[in-house]
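Colleague: I would like a close look at a single part of this model, taken slowly and with its surroundings. Could you begin with one residue and then work outwards from there?

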Amino acid sequence: MTCGLNHTKADKLVITIENNVVSIKDNGIGFDIEGESKGLGLKIIEDIAKTLHIKYNLESNECGTLFSFTVENTYESHLN
């Protein structure tokens, strides 16, 4: 986490967990989501999400970045 905060020039990181959603938000400089990435960070996150069947959303602008991960309750899904 420290490396990510240093790279984004963020001084605050907020992690929330509610209603099967884990959100990670920083107040850094953001980045161009559509731009070409030189690192593996986003690729690794995408691969892990696919492997674990977790939906994720990424938003980023000059005010910071927000990752939201939604974990489906598989037990309830099988009941319906």
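Modeller: Let me start with Ser-60, which lies in strand β3; please keep in mind throughout that this is a predicted model. Ser-60 counts as buried, because its relative accessibility is 18% and the cut-off for buried is under 20%. Its side chain has two polar partners to consider. One is the backbone of Phe-31, whose nitrogen lies 2.8 Å from a polar atom of the Ser-60 side chain. The other is a side chain, that of Thr-65, with which the side chain of Ser-60 makes a polar contact at 2.8 Å. If neighbours within four places in sequence are left aside, the residues in contact with Ser-60 are Gly-30, Phe-31, Ile-33 and Thr-65, so that both polar partners, Phe-31 and Thr-65, appear again in this list.

From the residue we can move to the sheet that holds its strand. Four strands, in the order β1-β2-β4-β3, form an open sheet with antiparallel pairing. The strand of Ser-60, β3 (55-61), is an edge strand, as is β1 (13-18), and each of these two pairs on one side only. From one strand to the next, the twist averages 10 degrees. As a general point, strands of a sheet pair through backbone hydrogen bonds, in either a parallel or an antiparallel way.

At the β1 edge, this strand is joined to β2 (residues 21-26) by 6 bridges, and the two run antiparallel. Within this pairing, Ile-17 has Val-22 of β2 as its bridge partner, while Val-14 stands opposite Lys-25 in β2. The two strands form a hairpin with 2 residues between them, and in the turn Asn-19 has a positive phi of about 50 degrees. Asn-20, found in the loop between β1 and β2, also has a positive phi, near 65 degrees, although this residue is not a glycine. Asn-20 counts as partly exposed, because its relative accessibility is 43%.

Moving inward from there, β2 is joined by 6 bridges to strand β4 (residues 64-70), again in an antiparallel arrangement; in this pairing the bridge partner of Val-21 is Thr-70 in β4. Strand β4 brings us to the aromatic residues, for which a search of the whole structure finds 2 pairs. In one of them Phe-67 and Phe-69 are stacked, with 6.0 Å from centre to centre and 10 degrees between the planes. Phe-67 counts as buried at 14% relative accessibility, and Phe-69 counts as buried as well, at 18%. Ring pairs also bring in Tyr-56, so that Tyr-56, Phe-67 and Phe-69 are linked into a cluster.

Finally, let us return to β3 and look at what comes before it. His-53 lies in the loop between α2 (41-51) and β3, and has a positive phi of about 55 degrees although it is not a glycine. His-53 is exposed, because its relative accessible area is 67% and exposed means over 50%. On either side of this stretch, then, the picture is one of contrast: His-53 in the loop is exposed, whereas Ser-60 in the strand is buried and has polar partners in Phe-31 and Thr-65.

Methods. Residues numbered from 1 in each chain as written. Predicted model: local features only at pLDDT ≥ 70, side-chain atom pairs only at ≥ 80, totals over all residues. Heavy atoms only, no water. Pairing = 2+ DSSP bridges. Axes fitted to C-alpha atoms, helices over the stretch in contact; angles between N-to-C directions. Buried < 20%, exposed > 50% of the residue type's maximum accessible area, 1.4 Å probe, protein only. Phe/Tyr/Trp six-rings, centres within 6.5 Å; stacked < 30°, edge-to-face > 60°. Polar contact = N/O pair within 3.5 Å; in protein donor to acceptor, adjacent residues only side chain to side chain. Contact = heavy atoms within 4.5 Å.
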